[in-house]
Amino acid sequence: MATKLPEPPRVGMVSLGCPKNLVDSERILTKLRSEGYAMSPDYAGADVVLVNTCGFLDSAKEESLEAIGEAIAENGRVIVTGCMGKEAELIRERFPNVLAVTGAHQYEQVVGAVHDAAPMPPNAFLNLVPESGLKLTPRHYSYLKISEGCNHRCAFCIIPSLRGDLVSRRPDAILREAEKLVEAGTKELLVISQDTSAYGVDIRKEPRQWKGHEVVPHMTDLARELGQLGAWVRLHYVYPYPHVDQVIPLMAEGLVLPYLDIPFQHAAPSVLRRMRRPANEAKVLERLREWRAICPDIAIRSTFVVGFPGETDADFEYLLEWLEEAQLDRVGAFRFEPVEGASANALPDPVPEDVKEERYARVMAKTAAISAAKLQAKVGRVLDVIVDDVDPDGGATGRSKADAPEIDGQVFLRDAGHYAPGDIVRVTIEDADEHDLYGAPIA
């Protein structure tokens with residue numbers, strides 16, 4: 001007579017915030033799935049719900065609190081983790097019925113809380129998990145986190161208090177994870193951390209063996225090894241330290257995508273000093289010219305803050321002139337928003353809200369015009385495009401090497417219904433607008 005095995009507990013997940021949080025969620029789910037837990041796509045079917053919170057901005061905190069409230073209302077059995085775990089008292093005061101609160105990247109504590117809230121019944125059937133783990137992103141691209149925390153103390157940021165100082169992962173562990181992801185179908189590796197260019201400073205004297213040779217824990221060495229795995233490699237959150245120059249030849253060789261995500265945040269020296277930004281003494285414009293001479297197709301994306309306390313009209317005009325000369329490919333802008341616990345809140349001379357709005361609009365208009373001109377210059381070229389989605393009408397949506405998922409532009413394709421997500425195709429660019437390209441695959 002057949003024995004009916006008990007049903008394993010089901011876990012729901014709400015993941016908020018940045019890609020680093022997404023990786024944390026994937027790791028938690030992978031661990032739970034490997035122990036036999038099932039996943040629930042909705043509140044109703046879950047025995048316990050995990051809410052991975054973001055606490056970087058007050059607006060993000062409020063979104064996290066709303067998500068916790070919704071999970072409690074819809075399910076009632078909620079475990080909170082992520083950046084807002086640092087504010088456990090606030091969470092428990094507002095939601096006294098939460099089962100547990102843990103901090104960012106505290107994987108063991110989260111899993112332990114799930115064990116307590118929804119213990120695995122004896123003899124439950126354990127489903128095997130792919131070596132690449134469970135993913136919340138499409139199969140063809142994956143975020144690869146190389147370190148936790150940050151050593152900088154920027155005036156507007158509380159990440160170090162949320163996630164601690166820099167802790168780099170072993171290079172062999174990163175490469176092993178990347179190799180498994182590629183074997184499982186990943187075509188694009190998106191390298192992330194709080195400061196990718198600082199990778200390895202804490203373990204610089206600890207090289208590791210990989211495929212019969214030593215790999216030094218350094219951004220350049222790691223990028224070179226990743227580039228040999230056969231996938232696109234995209235570098236995010238890179239500060240413009242001098243050693244970043246060593247990565248540009250790897251881009252020219254095709255080992256790493258010609259793309260750098262550098263959070264400049266501002267250009268006026270006085271504002272950068274008040275922000276306490278690292279590497280603000282770098283001759284950035286000169287280096288941009290040198291990088292483009294080595295790798296003409298390099299795309300630079302960045303983010304900027306307008307309305308930082310003490311930002312004068314002259315500072316803002318300096319930023320606009322700098323943007324005109326820098327000709328960055330992709331730019332995001334933010335109005336300064338006080339974050340509880342950030343030292344910038346105590347700075348004098350706050351910028352009025354209407355002035356922030358006006359400056360924000362001018363930055364976005366400036367950068368949109370630059371983007372439109374740079375994309376128009378690509379009309380007539382043939383570019384490699386990775387397909388993200390195919391529609392039933394024969395079209396498809398993808399991205400060029402200059403475009404990261406979710407944050408940059410797209411390439412809209414016609415006559416591409418026979419392709420599948422993850423295919424990398426040669427495309428003739430036929431048109432462009434301020435942010436996107438349009439084209440057709442080469443037959």
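Two strands count as paired if DSSP finds at least two bridges between them. Strands here are DSSP runs (E) of at least two residues, helices are runs (H or I) of at least four, and both are numbered from the N terminus. Keep those rules in mind for the sheets.

This is a predicted model, so a local feature needs pLDDT of at least 70, side-chain atom pairs count only at pLDDT 80 or more, and totals for chains, interfaces and linings use all residues. Residues are numbered from 1 along each chain as its sequence is written, and side-chain values use heavy atoms, with hydrogens and water left out.

Overall picture. The chain has twelve helices and 20 strands. Its radius of gyration is 23 Å, close to the 22 Å that the globule rule gives for 443 residues, so the chain is as compact as a globular protein of that length. That radius is taken over C-alpha atoms, and the rule is 2.2 Å times the number of residues to the power 0.38. Along the principal axes, the C-alpha atoms fill a box of roughly 75 × 60 × 50 Å. Of the 443 residues, 53% are buried. Buried means under 20% relative accessible area, exposed means over 50%, and partly exposed is in between, with a 1.4 Å probe and protein chains only.

Now the parallel sheet. It is open, has five strands, and runs in the order E2-E1-E3-E4-E5. Which strands stand at the edges? They are E2 (38-39) and E5 (100-101); each has a single partner strand, so one side of each is left without a neighbour in the sheet.

Look at E3, residues 48-53. Six of its six residues are buried, so the strand is largely enclosed by the rest of the structure. Both faces are covered. Val-48, Leu-50 and Asn-52 are on one side, with Val-49, Val-51 and Thr-53 on the other.

E3 pairs in the parallel sense with E1 (residues 10-15), over five bridges. There, Gly-12 has Val-49 as its bridge partner. E3 also pairs with E4 (residues 78-82), again parallel and over five bridges. Thr-53 stands opposite Gly-82 of E4. Between E3 and E4 comes a helix: E3, H2 (residues 58-74) and E4 make a right-handed β-α-β unit. Right-handed means that, with the strands pointing away from the viewer, the path from the first strand over the helix to the second runs clockwise. Then E4 pairs with E5, parallel, over two bridges. Val-80 is matched with Val-101 in E5.

Next, the C-terminal strands. E20 covers residues 437-441, and four of its five residues are buried. What does E20 pair with in the parallel sense? That is E18, over three bridges, with Phe-412 partnered by Tyr-438. E19 (residues 424-432) pairs with E20 in the antiparallel sense, over five bridges. Thr-428 has Ala-440 as its partner there. A hairpin of four residues joins E19 to E20.

On to empty space. Rolling a probe the size of a water molecule over the atoms shows where it is left. The work is done on a 1 Å grid over the protein atoms alone: in a cavity a 1.4 Å probe fits but cannot get out, a pocket is an open set with protein on both sides within 12 Å along at least five of seven lines, and lining residues have an atom within 4 Å of a point. Grid points are joined across faces, edges and corners, and a volume is the space filled by probe spheres set on the points.

The second largest pocket holds about 540 Å³. Its lining has 28 residues, with Pro-258, Asp-297, Ile-298, Arg-381 and Lys-401 nearest the centre. E16 gives the most, three residues. By class, the lining has 17 nonpolar, two polar and nine charged residues. Nonpolar is Ala, Val, Leu, Ile, Met, Phe, Trp, Tyr, Cys and Pro; charged is Asp, Glu, Lys and Arg; the others, Gly among them, are polar.

There are two cavities of 30 Å³ or more. The largest has about 70 Å³. Its lining includes Asp-329, Arg-330 and Lys-374. Helix H12 (residues 353-376) supplies the largest share, three residues. Five lining residues are charged, two polar and two nonpolar.

Last, two backbone oddities. Most residues other than glycine have a negative phi. Lys-211 has phi near 55°, in the loop between E10 and E11. Lys-211 is exposed, at 57% relative accessibility. Glu-406 has a positive phi of about 75°. Glu-406 sits in the loop between E17 and E18, exposed at 71%.
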